[in-house]
Amino acid sequence: MASSSSDEFEEEVQECAAAVICCNALTKKRKIWIHEINQNREVSGEYHTLINLLIKDEERFHTYFRMSRDQFENLQIKEKIRKIDTTIRRANCTRERLAVFLRLTLPQLIDCLKEDDDIQEAHVHILPPENGNETEVDSDGSDDEHSAKYQLERLTEAVEDISAKLGTIFKLNLGGTNLIVSTDADHTEALFRNEGKYPIRPAFPALLHYRRVNYGSVGVVPGNGEEWYKYRQGVMPLLKANLVRSYRQKHEEIADNFVEYIDKNKNRMLILEDVFTHLLKYTIEAISVVSPGHHFQCLSNYNNNNNKEDIIDIITASIDFMDGLHRTFTGLPIWKYYKTVGYRKLETSHKTIHKIVEKHLKELDKDKPEIIQTTNSYMHSLFSNTSYNWNDKLMLSMETFLGGIDATATTIAVTLHYLAHNKDVQDLARSECIQDNTRLPYLRACVKESLRMCPTGGANSRVTIADTNIGGYLIPKHTLVLPFSSVTSNKPEYFDKPGVYRPERWLRDSNCNVHPFASLPFGFGARMCPGRRIAEQEIVVLLMKVSIVANILSLLLVCCITDMIGI
Ligand code: HEM
């Protein structure tokens with residue numbers, strides 16, 4: 001465990017500590033006023049003995065509490081946990097409560113919250129064979145042959161490793177949650193074919209809660225069941241080829257802007273530093289013309305733009321939103337009791353984006369429906385849907401705006417990386433773009449191949465809606481199952497020489513018979529990504545423009561991309 005932490009991390013730990021202390025105070029029931037052990041606290045208690053000694057030694061104090069004496073004394077939460085003396089009992093001082101609590105709970109909180117070097121011990125159980133004899137293997141037993149430690153943020157490698165030992169399907173205990181992991185494409189098919197009318201994906205509880213309380217409208221991503229289904233109908237038009245094509249011209253113009261932007265922003269060494277942030281600006285701009293139907297000019301010099309503040313705010317808020325969503329999803333659900341850093345990020349960024357999107361929706365709403373229909377078919381479909389109220393429309397517009405900013409930028413970065421490293425492929429793609437830039441089957445195959453080798457999400461996920469037979473095992477209803485596509489799509493059983501970047505395998509006239517469930521970067525079925533076609537268009541159009549004007553390798557973009565995605 002690391003001894004020093006970032007300010008933000010420390011802030012979060014402090015918040016959590018305060019929150020849990022407050023919660024404990026609310027829920028404890030006392031049978032006796034003061035336990036006899038506690039009566040001697042001031043003589044033999046840890047605070048009055050050891051901690052009073054530690055105060056005199058800065059280094060030991062830091063080792064014990066993971067913070068300096070000054071940090072400890074300056075913690076702002078003391079007032080919040082103060083208890084009041086009564087005539088019967090003197091309350092423990094806030095310093096004492098804080099000290100004991102931090103010491104007892106901090107290591108656990110750090111394990112759960114720290115993001116940089118989380119090492120999770122995987123408890124792995126082999127599934128019971130059909131005769132019912134359960135074989136159990138705990139990978140945290142030190143003398144066990146399956147003993148291993150895995151990093152939470154490198155789950156694909158962990159799953160590959162465990163799968164090599166235990167087979168293509170196994171039960172994983174991850175931080176107390178049991179789930180089923182599979183790396184077999186037939187299992188993936190069995191799961192998706194039995195997902196029902198309302199497929200269940202793990203919710204984003206913090207986002208769901210925040211939206212329910214503040215807007216009474218939750219949108220598509222966070223929820224499940226009938227509530228999800230109602231909102232899903234609003235984003236379905238995004239999957240229509242004609243609708244997507246109607247934005248092609250605008251996307252080409254934005255991609256032209258990006259090419260100019262590279263030229264203006266590369267440094268003296270011809271490197272476009274921090275390429276991912278620039279790509280995020282491109283994807284924000286590209287989706288903004290679809291929803292909310294206002295072109296945020298993120299790539300131009302916005303110093304003289306009347307909407308300068310909005311542009312800066314929308315870029316920052318879009319990045320913060322992803323961060324807040326991730327923190328509240330993967331951390332302890334302490335946000336339920338106390339507004340953690342992650343929850344506050346989610347809330348603030350959501351408010352900002354909501355305000356800006358609402359402003360532009362109101363402007364658009366002043367136009368005649370016939371005009372909206374010709375200029376923006378997606379917003380027209382939303383506005384004319386009578387089953388939604390204003391809040392629903394606003395939430396769906398926001399959902400569409402936010403849905404793929406990050407994943408689309410990542411996919412472009414990954415494809416640029418592979419094209420730069422595979423000169424032959426790059427040349428073929430370029431000559432296709434120069435000859436006929438309408439359908440671009442080869443460039444599209446490049447994007448598919450990039451998503452096969454490096455999908456943006458490691459796993460798909462569904463909760464079983466009934467007992468389901470997967471690979472001969474009866475998986476009980478309400479079990480979380482993760483088909484690990486990032487592993488499946490890199491297995492030689494499904495793809496010849498999976499480590500080789502070969503877009504040809506995706507071409508219609510190739511002889512490759514690809515298992516339809518072996519690579520599912522956009523998910524599958526009733527809940528598959530509704531932004532798939534829009535994302536593909538944004539990606540292909542940008543790659544086309546960049547490939548035509550430049551040798552991707554010579555742009556030296558590749559150095560930064562390799563650093564960023566670590567491949
Ligand atoms: C390369 C880019 C993208 C990738 C790889 C991607 C991937 C995914 C995946 C894997 C899912 C879960 C599907 C499932 O559970 O079966 C999903 C859901 C979703 N995506 Fe995307 N996505 C991308 C771009 C976009 C874009 C551009 C938008 C918006 C226009 C978008 C909007 C959504 C929404 C709203 C959902 C939730 C659907 C639901 O729960 O019904 N995505 N995406």
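Colleague: Quick one: which residues in H20 meet Cys446, Val447, Ser450 and Leu451 in H22?
Modeller: From H20, Thr411, Val414, Thr415, Tyr418 and Leu419 do. "In contact" means that two residues have their C-beta atoms, placed from the backbone, within 7 Å. Helices are DSSP runs of H or I with at least four residues, strands are runs of E with at least two, and both are numbered from the N terminus.

Colleague: Anything I should know about the model itself?
Modeller: This is a predicted model: local features need pLDDT of at least 70, side-chain atom pairs count only at pLDDT 80 or more, and totals for chains, interfaces and linings use all residues. Residues are numbered from 1 along each chain as its sequence is written.

Colleague: OK, back to the helices. At what angle do the axes of H20 and H22 cross?
Modeller: Roughly 100°, and the axes come within 9 Å. Axes here are lines fitted to C-alpha atoms, for helices over the stretch in contact, with angles from 0 to 180 degrees between N-to-C directions. H20 and H22 are therefore roughly perpendicular to each other. The angle classes are under 35 degrees for roughly parallel, over 145 for roughly antiparallel, 65 to 115 for roughly perpendicular, and oblique for the rest.

Colleague: How many nonpolar residues has the contact of H20 with H22?
Modeller: Six, along with three polar and no charged ones. Nonpolar covers Ala, Val, Leu, Ile, Met, Phe, Trp, Tyr, Cys and Pro; charged is Asp, Glu, Lys and Arg; the others, Gly among them, count as polar.

Colleague: And how does H14 pack with H20?
Modeller: H14 (residues 275-288) packs on H20 at about 125°, with the axes 8 Å apart. That angle makes H14 oblique to H20. The residues making this contact include Phe276, Leu280 and Ile284 of H14, and Ile405, Ala409 and Ile412 of H20. By class, the H14 contact with H20 has 10 nonpolar residues, two polar and no charged.

Colleague: What about H21 and H24, at what angle do they pack?
Modeller: About 100°, with axes 9 Å apart, so H21 and H24 are roughly perpendicular to each other. H21 brings Gln426, Ala429, Arg430, Cys433 and Ile434, while H24 brings Met544, Ser547 and Ile548. That contact has five nonpolar, two polar and one charged residues.

Colleague: Switching to the ligand. How many residues surround the ligand?
Modeller: 28, and the closest are Gly403, Gly404, Gly523, Cys529 and Gly531. A residue is near a molecule if its C-beta atom, placed from the backbone, lies within 6 Å of it. The shell around the ligand splits into 14 nonpolar, 10 polar and four charged residues.

Colleague: Which helices each supply at least two residues of the shell?
Modeller: H11 (225-235), H19 (390-403), H20 (405-421) and H24 (532-549).

Colleague: Any odd backbone? Which peptide bond is cis?
Modeller: Ser291 to Pro292, with omega near 15°. Pro292 is in the loop between H14 and H15 (308-330). Leu440, a residue other than glycine, has a positive phi, near 55°. Leu440 sits in the loop between H21 (423-435) and H22 (441-453).

Colleague: Last thing: where is confidence lowest in the protein?
Modeller: In strand S1 (residues 119-121), with a mean of 33, whereas helix H9 (residues 185-193) is highest at 98. pLDDT is the predictor's confidence in each residue, from 0 to 100. Over residues 106-147 pLDDT is below 50. The protein averages 81, and 76% of the residues score at least 70. Where pLDDT is low, don't read the predicted coordinates in detail.
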